[in-house]
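User: Please take a close look at the cysteines in this model. I would like to know how they sit and what surrounds them.

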Amino acid sequence: MSVNKIKDGLMSFISGDSKKIKIIVAVGLIGIVLIFASDMLGKDNKKQEVSNDKISYEEYTDQLESKLKNLITAIDGVGECHVMITLENTTESVYATDVEFKNDNDSINQKDEYVFYDSEKGETPVLIKEYLPKVQGVTVVCTGGDNIAVKEKIIQAVTSLFNIPTNRVSVSKIKS
């Protein structure tokens with residue numbers, strides 16, 4: 001089909017009736033309104049996702065303990081189990097900085113400033129990375145804690161999961 005035929009077809013369609021033009025314009029305006037509405041709704045959802053992404057120190061510890069307890073109770077011979085995890089520190093955040101060097105004849109000066117962006121709350125620093133706290137030690141108290149084979153399996157599981165030395169893992173039997 002040639003460009004002229006398409007052009008002639010569109011011209012005859014548009015020139016045929018003013019109602020057709022009004023319908024085309026109305027459909028176009030509705031499309032534009034829907035695009036803007038979906039864009040506004042999409043931004044609100046993204047803001048909620050970002051704000052809900054942060055969890056507290058206690059929530060993080062509770063999640064780790066719960067997952068570890070579920071894993072340890074799946075080991076044969078463990079029985080009833082309680083787990084406590086200690087962490088080295090809290091979450092560490094790394095922010096973007098702008099570094100400026102001044103080189104005088106006698107000295108070198110360095111000036112660091114955080115990079116900010118505009119948000120609803122005002123200027124906010126740009127977050128590059130966030131490090132979760134590292135596990136410092138684990139204590140497991142379980143029914144099978146007096147069995148040497150069970151104890152070894154628990155210690156091996158914990159040390160390999162959290163990359164901590166065996167002296168930072170304690171396994172004991174639950175008091176009868």
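Analyst: A disulfide calls for two cysteine sulfur atoms within 2.5 Å. Such a link is a covalent bond between the sulfurs of two cysteines. This is a predicted model, and by that cut-off it has zero disulfides.

Start with C142. Its closest cysteine sulfur belongs to C81, at 5.6 Å, which is too far for a bond. Turn to C81 and the partner is C142, again at 5.6 Å and too far. The pair therefore fails the 2.5 Å limit.

Both sites are buried. C142 has a relative accessible area of 0%. For C81 the value is 3%.

Now the surroundings. C81 is touched by I72. Beyond its neighbors up to four places away in sequence, I72 also contacts V78, V83, V140, I154 and V158. I72 is among the residues with the most contacts inside the largest nonpolar core, alongside V138, V140 and I154. That core holds 22 residues. Two or more of them come from each of helix 3 (57-73), strand 1, strand 8 (135-142), helix 4 and strand 9. Helix 4 gives the most, with five residues. As background, nonpolar side chains tend to be buried together in soluble globular proteins.

Strand 1 (81-87) leads on to a salt bridge. E88 lies in the loop between strand 1 and strand 2 (92-95). Its side chain meets that of R168, with N to O at 4.0 Å. R168 sits in the loop between helix 4 (148-162) and strand 9 (169-173), so the pair ties together parts 80 residues apart in sequence. Unlike the buried cysteines, these two side chains are partly exposed: R168 is at 36% relative accessibility, and E88 has a relative accessible area of 45%.

The structure holds two salt bridges. The other joins K111 and E113, whose closest N and O atoms are 3.3 Å apart. Here too the partners are partly exposed, with K111 at 45% and E113 at 42%.

One surface feature rounds out the view. Y95, Y114, F116 and L127 form a nonpolar patch there, with about 390 Å² of accessible area together. Of these, Y114 belongs to strand 4 (residues 108-114).

Back to your cysteines: C81 and C142 are each other's closest cysteine by sulfur distance. At 5.6 Å, they are too far apart for a bond.

Notes. Residues numbered from 1 in each chain as written. Predicted model: local features only at pLDDT ≥ 70, side-chain atom pairs only at ≥ 80, totals over all residues. Heavy atoms only, no water. Buried < 20%, exposed > 50% of the residue type's maximum accessible area, 1.4 Å probe, protein only. Helix = DSSP H or I, 4+ residues; strand = E, 2+ residues; numbered from the N terminus. Patch = residues over 30% accessible without salt bridge, like charges linked within 9 Å, V, L, I, M, F, W, Y side chains within 5 Å. Areas by Shrake-Rupley, 256 points an atom, 1.4 Å probe, with all protein chains shown as cover. Core = buried A, V, L, I, M, F, W, Y, C linked by side-chain atoms within 4.5 Å. Contact = heavy atoms within 4.5 Å.
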